[in-house]
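Here is a short set of exercises to work through with the model open beside you. Try each task before you read its solution.

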Amino acid sequence: MSVKIRLSRFGKKNYAFFHITATDVRAPRDSRFIELLGSYDPNTNPATIVLNVDRAVYWLQNGAQPTTTARRILSYKGALLKKHLAEGVKKGALTQEQADAKFNAWVAEKEAKVAKKVESLKVSKADAKKAAVEAESKVNAARAEELAKKKAEAEKAAEEARKAAEAEAKAAEEAATAEAAPAEEAKAE
């Protein structure tokens, strides 16, 4: 029986996550599997990978062939390194303690890189939010200034219209008194 370490798709449309499985080659992608080794969620940044490294190494040592994507995931989590170190221990190139120390150092370094990436993503997200707030406040200030200008112009136009109406009223009053004055003079004579 030929065994592959591959991904089985689960989740919703446009929001997939995957199970990492040791599967018989003849089985369909999402159906029967021999063992569930972990999960992979590419929807998060950085991608969330949960893997039982010891069981993955067991299957690799027994001849399971990972697919390209599964190989990258196994390499990312250190399963391929652990298999390589285990082969070195078998050949006598190094002791089990040395292999464990190398693997633990590699895992610590990898976790530090991931933590640094997460922190940089948080900082960049905060910076982007701050920049968006500043840009929005500039736009709001420009709008408020424009509204204030329009309001001042409207008040000025209303004042001019009121003055023009007053001038018309005075002119009409003067015209009425001017017409009334000759009529009164005529009556007086």
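**Exercise 1. Surface and overall form**

How much area does the protein chain expose, and what share of it do carbon and sulfur atoms supply? Then describe the overall dimensions of the chain.

*Solution.* Keep in mind that this is a predicted model. Start with the surface: about 13,800 Å² is exposed, and 55% of that comes from carbon and sulfur atoms. Next, look at burial: 20% of the 189 residues count as buried. Now turn to the dimensions. The C-alpha trace spans about 140 × 40 × 15 Å along its principal axes. Finally, compare with a globule: the radius of gyration is 41 Å, while a compact globule of 189 residues would have one near 16 Å.

**Exercise 2. Elements and sheet**

List the secondary structure from the N terminus on, then work out the strand order of the sheet.

*Solution.* First count the elements: the protein chain holds four helices and five strands. Read from the N terminus on, they follow the pattern β-β-β-β-α-β-α-α-α. Next, place the strands side by side. The five form an open sheet in the order E4-E3-E2-E1-E5, and the pairing is mixed. Its edges are E4 (48-51) and E5 (65-66), each of which pairs on one side only. As a last step, zoom in on one pair: E3 (residues 35-41) and E4 run antiparallel to each other over four bridges. Within this sheet, Ser39 has Val50 in E4 as its bridge partner.

**Exercise 3. The nonpolar core**

Which elements supply the largest nonpolar core, and which one gives the most?

*Solution.* Begin with the core itself: it has 25 residues, and Ile5, Ile20, Leu37 and Leu51 have the most contacts inside it. Then trace the contributors. At least two residues each come from strands E1 (3-12), E2 (15-24), E3 and E4, and from helices H1, H2 (68-77), H3 (79-91) and H4 (96-188). H1 gives the most, with five residues.

**Exercise 4. One residue in its setting**

Is Val57 buried or exposed? Find its element and its contacts too.

*Solution.* Locate the residue first: Val57 sits in helix H1 (residues 53-61). Now apply the cut-off: Val57 has a relative accessible area of 7%, and buried means under 20%, so Val57 is buried. For its contacts, set aside residues up to four places away in sequence; Val57 then touches Ala79, Lys82 and Lys83. To finish, take a distance: from Val57 to Lys110 is 18 Å, C-alpha to C-alpha, with the two lying 53 residues apart in sequence.

Key: Residues are numbered from 1 along each chain as its sequence is written. This is a predicted model: local features need pLDDT of at least 70, side-chain atom pairs count only at pLDDT 80 or more; totals for chains, interfaces and linings use all residues. Side-chain values use heavy atoms; hydrogens and water are left out. Two strands pair if DSSP finds at least two bridges between them. Buried means under 20% relative accessible area, exposed over 50%, partly exposed in between (1.4 Å probe, protein chains only). Contact means heavy atoms within 4.5 Å. A nonpolar core is a set of buried Ala, Val, Leu, Ile, Met, Phe, Trp, Tyr and Cys residues joined through side-chain atoms within 4.5 Å. The radius of gyration is taken over C-alpha atoms; the globule rule is 2.2 Å times the number of residues to the power 0.38. Accessible areas come from the Shrake-Rupley method with a 1.4 Å probe; for residues, only the protein chains shown count as cover.
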